[in-house]
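This report describes selected helices, charged pairs and surface features of one protein chain. The sequence and the structure are shown first, and the description follows.

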Amino acid sequence: MKEIGKIWMNRKLVPFKDAKVHVLTHALHYSTSIFEGIRCYNTPNGSAIFRLPEHVDRFFNSAKLYSMKMQFSKKEISDAIIKTVKANGLKECYIRPLAYYGFGTMGLTPTPNKVDVSIACWEWAMGEGKAGKFSGARCKVSSWIKIDSRSQPMQAKAASNYANAALARVEALENGYDEAIMLNIHGKVAEGSAENIFVVKDGIIQTPPLSAGGLEGITRDSIIQIIEENGGFVIERDLERGDLYSADEIFMTGTAAEVKSVTQIDKVIIGNAKMGKITKELQKSFSDVTMGKDERFLPWLTFI
Ligand SMILES: Cc1ncc(COP(=O)(O)O)c(C=O)c1O
């Protein structure tokens, strides 16, 4: 990451090198933070943030689930996101709003502490989303079980969820794969370590219901709406490991990943080891939407 530009911290735009927190910040010790991942695209009509209101809504919902008292309104956060992107002069970037219990009392109970908010953005280099974008990602079904909504609210995009996801990701990478797929406590497919998952079998597109433990992905929702708008449909049903192995196509969705193809699960080759036809079409449709080329979805873009 280039150590340049400005980061928004509790209303102030501070230089990158000054965007610091105290070592006794509550969230550092107890993982009491929530965040968002948003993309700004360089469309032919200018830079546009993809589904900004939906991301801000999820940000506030995550905060609510952790009893965070936000010092800012949704409008203030939306405006701050736009301001931060502009201040950094980036046409295309990844945006990371973060809310965390800050420095105050030290002890498990976070609520006496102030909730601090920061917004950073950085140039989008494809990085970890690359595998699967052009060829196909090779995924390992993780031996780590997806944490469960009986333990933590899974619809919060909370830092604490990602320790589990990071264990799965590292296990997959250390075993020579690109990405992990996580099963829930009942053995049903939940999602990837940072993406939702779809399976195509005999032309039918299927995805696990949110009750399987995956995050309510904004890309997932976008893809479902794009499919429906184009006259198709998606079936939400519990999927098992065997459904992955026998799929004709598998793809994952996420803000970072966009639509990425999966061509191997464990040692099993999916389809003919190449990106499937439906995945390719959806990749193109999604790219048209984010680039403002599909009039029907222009309201999803906030031009800045
Ligand atoms: C665990 C997890 N699931 C799914 C997603 C996809 O969500 P979205 O499409 O909103 O980026 C993400 C990425 O944010 C994620 O971290």
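## A buried glutamine in strand S15

The structure is a predicted model. Within it, the side chain of Gln264 makes a polar contact with the side chain of Arg138, at 3.2 Å. Gln264 belongs to strand S15, which covers residues 258–265. Gln264 counts as buried because its relative accessibility is 11%, and the limit for this class is under 20%.

Residues in contact with Gln264, leaving aside neighbours within four places in sequence, are Ala137, Arg138, Cys139, Tyr177, Ile269 and Ile270. Arg138 therefore appears both in this list and as the partner in the polar contact.

## Helix H2

Helix H2 consists of 14 residues, 52–65. The distance from its first C-alpha to its last is 20 Å, close to the 20 Å expected at 1.5 Å a residue. Its buried residues are Leu52, His55, Val56, Arg58, Phe59, Phe60, Ser62 and Ala63. After the helix comes Ser67, which has a positive phi near 55°.

Ser62, a residue of helix H2, has a relative accessible area of 0% and is therefore buried. Beyond residues up to four places away in sequence, Ser62 touches Ile34, Gln155, Ala156 and Lys157.

## Helix H5

Helix H5 comprises residues 218–229. Its twelve residues should span 16 Å at 1.5 Å a residue, and the end C-alpha atoms are 16 Å apart, in agreement with that value. The buried residues of H5 are Ile218, Thr219, Arg220, Ser222, Ile223, Ile224, Ile226 and Ile227. Just after the helix, Gly231 adopts a positive phi of about 95°.

Gln225 is also found in H5. Is Gln225 buried or partly exposed? With a relative accessibility of 31%, Gln225 counts as partly exposed. Its contacts, apart from neighbours within four places in sequence, are Arg51, Phe297 and Trp300. Gln225 and Gly107 are separated by 118 residues in sequence and by 44 Å in space, C-alpha to C-alpha.

## Salt bridges

Side chains of opposite charge can pair when their charged atoms come close. How many salt bridges does a search of the whole structure find? The search finds 23.

One salt bridge joins the side chains of Lys140 and Glu171, with an N to O distance of 4.0 Å. This pair links distant parts of the chain: Lys140 is in strand S8 (residues 137–141) and Glu171 is in helix H4 (residues 161–174), 31 residues apart. Lys140 is classed as buried because its relative accessibility is 16%. Glu171, at 15%, is likewise classed as buried.

Glu195 and Lys260 form another salt bridge, in which the closest N and O atoms are 3.2 Å apart. Glu195 is located in the loop between strand S10 (189–192) and strand S11 (196–201), while Lys260 is in strand S15, so the pair ties together parts of the chain that are 65 residues apart in sequence. The relative accessible area of Glu195 is 5%, so this residue is buried. Lys260 is buried as well, with a relative accessible area of 3%.

## Further charged groups

The side chains of Asp243 and Arg237 also meet in a salt bridge, at 3.3 Å from N to O. In this pair, Arg237 is partly exposed, with a relative accessible area of 34%.

A network of salt bridges links Arg51, Glu54 and Asp221. Glu54 falls within the residue range of H2, 52–65, and Asp221 within that of H5, 218–229. Arg51 is also among the contacts of Gln225.

## A nonpolar surface patch

Which residues form a nonpolar patch on the surface? The patch is formed by Val21, Val23, Leu24, Leu28, Tyr30, Phe103, Met106 and Leu108, which together have about 790 Å² of accessible area.

Val23, one of these residues, is placed in the loop between strand S2 (12–15) and helix H1 (26–30). Val23 is exposed because its relative accessible area is 59%, and the exposed class requires over 50%.

Key:
Residues numbered from 1 in each chain as written. Predicted model: local features only at pLDDT ≥ 70, side-chain atom pairs only at ≥ 80, totals over all residues. Heavy atoms only, no water. Helix = DSSP H or I, 4+ residues; strand = E, 2+ residues; numbered from the N terminus. Expected span 1.5 Å × (residues − 1). Buried < 20%, exposed > 50% of the residue type's maximum accessible area, 1.4 Å probe, protein only. Polar contact = N/O pair within 3.5 Å; in protein donor to acceptor, adjacent residues only side chain to side chain. Contact = heavy atoms within 4.5 Å. Patch = residues over 30% accessible without salt bridge, like charges linked within 9 Å, V, L, I, M, F, W, Y side chains within 5 Å. Areas by Shrake-Rupley, 256 points an atom, 1.4 Å probe, with all protein chains shown as cover.
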